[in-house]
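These are my notebook entries on one protein chain. I looked up helix geometry, helix packing, burial and backbone angles, in that order.

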Amino acid sequence: MQEMNYIVREPLLDSKERVLGFELTWQQNDAAGTRLPSNALAEFTAAQLHDPESGWQLGDSMLFLEADPVSLSAAAIEALPASSIVFTLNAMQLADAETMAAARLLRGKGFGIAVKYADLAGQEKGTLAIASHIQIRFSSADVAGHAKLYAALKQSSIRMVARQIGSWQEFDSCAALGLNAFIGNLYLTPRQDTKAKGLNPAQAMILQLMQLVKQNADIRRLEEILKRDAALSYKLLRYINSVGFGLGAEIQSLRHAVTMLGYSPLYRWLSLLLATASTVGSHSLMQAAIVRGRFAELIGQEFLPKNEAENLFVTGMFSLLDRLLGIPMEQVLETIQLSDAVSEALLTRSGVYGPFLALAEACEFNNGQVGPLAEALFINANQVNQAHMAALAWAQSLKL
């Protein structure tokens with residue numbers, strides 16, 4: 001069995017900053033830049049995200065998978081949903097006749113083919129004919145030139161995807177020109193026109209509930225507060241009853257939830273509700289926070305007691321709360337009473353929980369940090385990748 005490498009994900013956003021899916025690639029594992037064959041990525045993805053009974057675990061989310069000629073003919077492809085998978089190749093790879101034939105066969109089956117950094121002006125017609133997506137590098141220095149090329153592509157069925165846009169101004173320019181999707185981590189950079197708002201009324205109510213849960217307050221007090229907002233009550237019960245929680249019976253009330261789950265799991269679900277009740281942050285931030293929380297919890301379950309693993313979920317969820325609320329993390333922690341260990345992780349990525357949070361974050365960036373962080377925790381690549389894919393599937397099961 002060949003050695004596993006680390007999977008890195010970057011979100012795929014539409015022009016309104018909604019998450020369409022993700023791009024998955026192998027992270028370089030050493031100074032020599034060794035990478036596993038891309039067919040291993042397709043095989044691992046199929047094994048982790050396709051359940052024989054329930055099927056594809058990411059719903060209608062798209063996945064862009066780094067590809068090579070071998071991966072296009074891998075047997076594992078048959079377990080992937082064609083309408084949700086796009087294989088990314090460069091124009092040089094598609095110049096090979098066998099690779100082009102394999103790509104054409106996959107297009108016939110409904111899979112997508114993205115041509116990475118294609119020269120739109122000089123690209124061979126055969127390459128453009130096979131492409132469902134074209135990935136481009138946008139330059140603000142030549143908006144007029146880009147506009148002319150994009151206008152021509154709009155007349156075809158090819159969708160345009162921009163990678164690593166440098167600023168929100170460039171993002172808005174690309175969206176105005178008609179680009180369909182964006183890959184990268186710009187969503188972690190606050191927009192300059194976003195005003196700090198702090199807690200909204202719904203979040204203030206959730207925070208009050210969280211404090212009462214920590215005190216093991218009488219369930220009647222909790223119910224009294226939650227009844228003030230029917231929408232929040234519905235959303236909380238929907239989360240608890242989601243596939244991600246795996247309960248055998250439907251939870252029908254807050255009292256039932258406490259009886260079945262206890263106060264500690266309820267606190268966890270309230271933390272999820274707090275983050276997703278934001279009116280400042282984008283859907284992509286909420287999605288990232290949920291994946292971080294679940295990933296950190298899954299990794300921590302192997303090494304920490306159950307209650308500390310649940311604290312890791314809260315740590316991951318709250319790691320983006322400053323951006324979701326539009327206020328500094330120090331101010332967030334003045335508002336929310338958290339343990340010293342959680343606060344230390346959120347502020348400095350140190351203490352008991354800090355390294356787990358740092359590892360969860362590293363899976364979002366192809367900067368070579370996943371390996372060293374995992375090794376410091378004595379976690380192997382297979383464990384990291386399994387937790388990563390499971391966290392993506394779990395976030396999808398919540399149906400945000």
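**Entry 1: helix 11**

I first checked the length of helix 11 (residues 263-276): at 1.5 Å a residue its 14 residues should span 20 Å, and its end C-alpha atoms are 20 Å apart, which agrees. The expected span is 1.5 Å times one less than the number of residues. Helices here are DSSP runs of H or I with at least four residues, strands are runs of E with at least two, and both are numbered from the N terminus.

I note the basis of these entries: the model is predicted, local features need pLDDT of at least 70, side-chain atom pairs count only at pLDDT 80 or more, and totals for chains, interfaces and linings use all residues. Residues are numbered from 1 along each chain as its sequence is written, and side-chain values use heavy atoms, with hydrogens and water left out.

I then looked up burial, where buried means under 20% relative accessible area, exposed over 50% and partly exposed in between (1.4 Å probe, protein chains only). Of the 14 residues of helix 11, 12 are buried, so the helix is largely enclosed by the rest of the structure. Among the buried residues I list Arg268, Trp269 and Ser271.

**Entry 2: helix 11 against helix 13**

I find helix 11 and helix 13 packed at an angle of about 10°, with their axes 10 Å apart. Axes are lines fitted to C-alpha atoms, for helices over the stretch in contact, and angles run from 0 to 180 degrees between N-to-C directions. The two helices are therefore roughly parallel; angles under 35 degrees count as such, over 145 as roughly antiparallel, 65 to 115 as roughly perpendicular and the rest as oblique.

Contact means heavy atoms within 4.5 Å. On the helix 11 side I recorded residues including Tyr267, Arg268 and Leu272, and on the helix 13 side residues including Glu310, Phe313 and Met317. By class, this contact has nine nonpolar, two polar and two charged residues. Ala, Val, Leu, Ile, Met, Phe, Trp, Tyr, Cys and Pro count as nonpolar, Asp, Glu, Lys and Arg as charged, and the others, Gly among them, as polar.

**Entry 3: helix 12 against helix 13**

I looked up helix 12 (residues 283-300) and helix 13 (residues 306-318) next: they pack at about 155°, with axes 7 Å apart. The pair is therefore roughly antiparallel. Among the residues making the contact are Ile290, Gly293 and Glu297 of helix 12 and Ala309, Phe313 and Gly316 of helix 13. I count the classes here as seven nonpolar, three polar and four charged.

**Entry 4: positive phi**

I searched for positive phi outside glycine and noted Glu17, at about 70°. Glu17 lies in the loop between strand 1 (7-13) and strand 2 (19-26) and is buried, with a relative accessible area of 17%. I also noted Arg349, at about 55°, in the loop between helix 16 (340-348) and helix 17 (354-362). Arg349 counts as partly exposed, at 27% relative accessibility.

**Entry 5: Thr99 and the whole chain**

I located Thr99 in helix 3 (residues 97-108), buried at 4% relative accessible area. Leaving aside neighbours within four places in sequence, I find Thr99 in contact with Pro69, Leu72, Leu89, Gln93 and Leu94.

For the protein chain I recorded 19 helices and 10 strands, with buried residues making up 54% of its 400 residues. Among contacts between residues at least 6 apart in sequence, 65% join residues at least 24 apart.
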